[in-house]
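User: I should like to go through a protein model by question and answer, with the reasoning set out at each step.
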Amino acid sequence: MEFQGARENNMEEEEEAAEERIYVAVGNETAKNRSNLTWAIDNSEGSKICIVLIHQPAQMIPVLGTKFHAATVDEELVRAYREKEKANTDKILDEYLRICLQKRVHAEKLCVEMDSIEKGIVQMISRNRVKKFVMGAAADKHYSTKMVNLRSRKAIFVCQQASVTCHIRFVCKGHLIHTREPIINEVQALLSSEVEEGEEEEERISRTSSCRSASTSSYYGGSEASSSIDIDEVSSIITEETLSNHSPPPSLPCSGMGLGMITFLINSTKLLHRLAIQNQKQPE
């Protein structure tokens, strides 16, 4: 019990830390991403900044003036080249850290290796339980005063696929273009109604099962376990399944993704809850 309590406290501390951080996606070229980072700093309201760089490992390795696929090159050569890539990535991230230091903002860096930048971002948001995230809506050269929609394929993918608990702001050339509000409150309200219905069903079963009084305590323990579904964990599972299946992004507009994502999340949670109830109905 002490171990479980300590683990729950650690999870709470991690969630509080995630709440305090603003994660900002940047690219390999500091000059082209400076405006987005500056905007995030200016709107951080004292929160810590976490600079996120999704590194795509090169598939082609240069050898004696010619490039070969990494799978065909000696492992030692590939390892040496990866070390150079890592050193270069650290150097880029340090440049972004200096920008934060100049503005007297506490910042840290995070590098994620992934072949797909947008999938790397979605995975990072899920695994780190990110609550606040800032990324580009499009390259700065595409900015105009009439710009209201996301133009970047990566931004659209993240807007549609990222955890519904994350508040995401998309900026371009230092201007806020679009905000995807978290819909966790709506999900919690819907889940609460589902849990209440499940509890009523369980009470009805307990009243009609007089011969199972000995198992009442364990039965209600199961009820409590099933009613305390972690929204972040459900969202994380859905996100991981979506990425592992390599399914194409759904054809939902970013501004209207709430309904589809809520439905998917609720249906998944309903299934978990019904399975828990069915397990309790089975005779011992």
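User: Is Glu 85 buried or exposed?
Analyst: The model is a predicted one. Glu 85 lies in helix 3, as does Arg 82. The relative accessibility of Glu 85 is 12%, and the cut-off for burial is under 20%. Glu 85 therefore counts as buried.

User: With which residue does Glu 85 form a salt bridge?
Analyst: The partner lies in helix 3 as well, three residues apart from Glu 85, about one turn of the helix. At 25% relative accessibility this partner counts as partly exposed. The closest N and O atoms of the pair are 3.1 Å apart, and the residue that pairs with Glu 85 is Arg 82.

User: How many residues apart in sequence are the parts that Arg 21 and Glu 108 tie together?
Analyst: The side chains of Arg 21 and Glu 108 meet in a salt bridge with an N to O distance of 2.7 Å. Arg 21 counts as buried at 18% relative accessibility, whereas Glu 108 is partly exposed at 24%. Because Arg 21 belongs to strand 1 and Glu 108 to strand 5, the parts they tie together are separated in sequence by 87 residues.

User: Which residue is linked with Arg 21 and Glu 108 in a network of salt bridges?
Analyst: Arg 21 and Glu 108 form a salt bridge with each other. The network of salt bridges that holds these two residues also includes Lys 48.

User: Which residue of helix 3 is joined to Lys 109 of strand 5 by a salt bridge?
Analyst: The closest N and O atoms of this pair are 2.9 Å apart. The two residues are 15 apart and link distant parts of the chain. Lys 109 is partly exposed with a relative accessible area of 36%, and its partner is partly exposed at 29%. The residue paired with Lys 109 is Asp 94.

User: Which strands stand at the edges of the six-stranded open sheet?
Analyst: The sheet has mixed pairing and the strand order 5-2-1-6-7-8. Each edge strand has a single partner strand, so one of its sides is left without a neighbour in the sheet; these are strand 5 and strand 8.

User: What angle does the direction of helix 3 make with that of strand 2?
Analyst: The twist of the sheet averages 25° from one strand to the next. Helix 3 packs on this sheet and touches strand 1, strand 2 and strand 5; its direction makes an angle with that of strand 2 of about 155°.

User: Which residue of strand 7 is the bridge partner of Gly 136?
Analyst: Strand 6 covers residues 132-136 and strand 7 residues 167-172; the two pair in the parallel sense over five bridges. Within this pairing, the bridge partner of Gly 136 is Val 171.

User: What phi does Arg 104 have?
Analyst: Most residues other than glycine have a negative phi. Arg 104 is found in the loop between helix 3 and strand 5 and counts as exposed at 81% relative accessibility. Although Arg 104 is not a glycine, its phi is positive, at about 60°.

User: How many disulfides does a search of the whole structure find?
Analyst: A disulfide is a covalent bond between the sulfur atoms of two cysteines. Among the cysteines, Cys 100 counts as buried at 0% relative accessibility, while Cys 111 is partly exposed at 36%. The number of disulfides found in the whole structure is zero.

Methods:
Residues numbered from 1 in each chain as written. Predicted model: local features only at pLDDT ≥ 70, side-chain atom pairs only at ≥ 80, totals over all residues. Heavy atoms only, no water. Disulfide = S-S within 2.5 Å. Buried < 20%, exposed > 50% of the residue type's maximum accessible area, 1.4 Å probe, protein only. Helix = DSSP H or I, 4+ residues; strand = E, 2+ residues; numbered from the N terminus. Pairing = 2+ DSSP bridges. Axes fitted to C-alpha atoms, helices over the stretch in contact; angles between N-to-C directions. Contact = heavy atoms within 4.5 Å. Salt bridge = Lys/Arg side-chain N within 4 Å of Asp/Glu carboxyl O.
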